Amino acid sequence: MSPDKIDIPGLLSRMPMFSALSPDDLAHIAAATRERRLDKGERLFQRGDAPKGFFLVVWGQVKLAFTSSQGNEKVVEILGPLQSFGEAVMFLDQPYPVLAEALADALILHIGSAAVFGLIDADPKFARKLLAGLSIRLHSMVRDVESYALRSSTQRVIGYLLQLAESTPCAAQGERSVELPTSKQVIASRLSLTPETLSRIFHELSGAGLISVHGKQIVIHDAERLAAHD
């Protein structure tokens, strides 16, 4: 297998919605799947484009965003490896309400809608898994709205840092080091903050001895103290 060749059936089988498919069904979906390689800053689709399937990130990062009438960009979601997007719009058969842009060089799989609809008709278990995935996404969006409405800007930043740290093992002294996955400007938009507010909060948390900031590298000195900070 050449370095540029990827195992599409293997990647699809790692998605929860496709994990129980037979090899024949996986091959059918893989035949309707196309690779798309994006450079950093390249658009995958624009707001208003018509959907013809949904997408899976193989590697890299993609942001979903829209631009307000004042020209300000709001980042709705930041997606990484093995995360999918676009399923709900595919079912609605309506134009994309957001744009998708690569935050880093990325490899994306586009899974054609006709093959997905065929599996739904043939396999109720597949339909339930697809609905479960969409439900998880919906609950995540509800939590986001709740966070923006009920939590202070500082609490939002702390929650984001702790979420990044969940998969990071503690060092001997209990510290956790996390790397911001994208620019502070994009993260600020994702948290419904201005970049200036995010920088101010990082400065305040650093001054309180809770974190240290070294570019994109953030050291959390004590996760419990950080979580309790208000």
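A residue counts as buried under 20% relative accessible area, as exposed over 50%, and as partly exposed in between. By that yardstick Leu82, at 32% relative accessibility, is partly exposed. Leu82 belongs to the loop between β5 (73–79) and β6 (84–85), and its phi is positive, about 65°, although the residue is not a glycine. Asp93 offers a second case: this residue, also not a glycine, has a positive phi of about 55°. Its place is in the loop between α3 (87–92) and β7, and with a relative accessible area of 60% Asp93 is exposed. Such angles deserve a second look because most residues other than glycine have a negative phi.

These details come from a predicted model, and a word on confidence is in order. The average pLDDT of the protein is 86, and 92% of the residues score at least 70. Confidence peaks in strand β7 (residues 99–102), at 97, and is lowest in α5, where the mean is 73. As a general caution, predicted coordinates should not be read in detail where pLDDT is low.

Turning to the overall fold, the protein contains nine helices and eleven strands. Its C-alpha trace spans about 55 × 45 × 35 Å along the principal axes. Of its 230 residues, 39% count as buried. The exposed surface comes to about 12500 Å², with carbon and sulfur atoms supplying 54% of that area. Among contacts with a separation of 6 or more, 68% are between residues 24 or more positions apart.

Where does the interior gather its nonpolar side chains? The largest nonpolar core has 23 residues, and Leu12, Phe18 and Ile111 have the most contacts inside it. At least two residues of this core come from each of α1 (8–13), α2 (23–31), β3 (53–59), β8 (106–112), α4 (113–122) and α5 (124–150). Leu12 shows how these pieces meet: beyond its neighbours within four places in sequence, Leu12 is in contact with Phe18, Leu26, Ile29, Ala30, Thr33, Leu56, Leu109 and Ile111. Apart from this core lies another, of 20 residues, including Ala188, Leu191, Leu198 and Ile220.

Leu198 leads to helix α8, which can be followed in some detail. The helix has 13 residues (195–207), so at 1.5 Å a residue it should span 18 Å, and its end C-alpha atoms are indeed 18 Å apart. Which residues of α8 are buried? They are Thr197, Leu198, Ile201, Phe202 and Leu205. Seen down the helix axis, the buried residues of α8 fall within an arc of 140°, and therefore line one face of the helix. Their cover includes α6 (153–165), α7 (184–190), β10 (211–214), β11 (217–220) and α9 (223–228). On the face turned away from the buried side, α8 carries the exposed residues Glu196, His203 and Gly207.

Of these, His203 can be placed more closely. With 62% relative accessibility, His203 is exposed because its value lies over the 50% limit. The C-alpha atom of His203 is separated by 8.3 Å from that of Val213, ten residues apart along the chain. Just after α8, Gly209 adopts a positive phi of about 75°.

Two of the helices that cover the buried residues of α8, α6 and α7, can be described in turn. Helix α6 has 13 residues and reaches 19 Å from its first C-alpha to its last, close to the 18 Å expected at 1.5 Å a residue. Its buried residues are Thr154, Arg156, Val157, Ile158, Tyr160, Leu161 and Ala165. In the loop between α5 and α6 sits Ser152, which is partly exposed, with a relative accessible area of 30%. Ser152 and Asp230 are 78 residues apart in sequence, yet their C-alpha atoms are 8.5 Å apart in space.

Helix α7 includes Ser189. Is Ser189 buried or exposed? Its relative accessible area is 10%, so Ser189 is buried. Not counting residues up to four places away in sequence, Ser189 touches Glu73, Lys74 and Val75.

Conventions
Residues are numbered from 1 along each chain as its sequence is written. This is a predicted model: local features need pLDDT of at least 70, side-chain atom pairs count only at pLDDT 80 or more; totals for chains, interfaces and linings use all residues. Side-chain values use heavy atoms; hydrogens and water are left out. Helices (H or I, at least four residues) and strands (E, at least two) are DSSP runs, numbered from the N terminus. The expected span of a helix is 1.5 Å times one less than its number of residues. Buried means under 20% relative accessible area, exposed over 50%, partly exposed in between (1.4 Å probe, protein chains only). The arc is that of the directions from the helix axis to the C-beta atoms. Contact means heavy atoms within 4.5 Å. A nonpolar core is a set of buried Ala, Val, Leu, Ile, Met, Phe, Trp, Tyr and Cys residues joined through side-chain atoms within 4.5 Å. Accessible areas come from the Shrake-Rupley method with a 1.4 Å probe; for residues, only the protein chains shown count as cover. pLDDT is the predictor's confidence in each residue, from 0 to 100.
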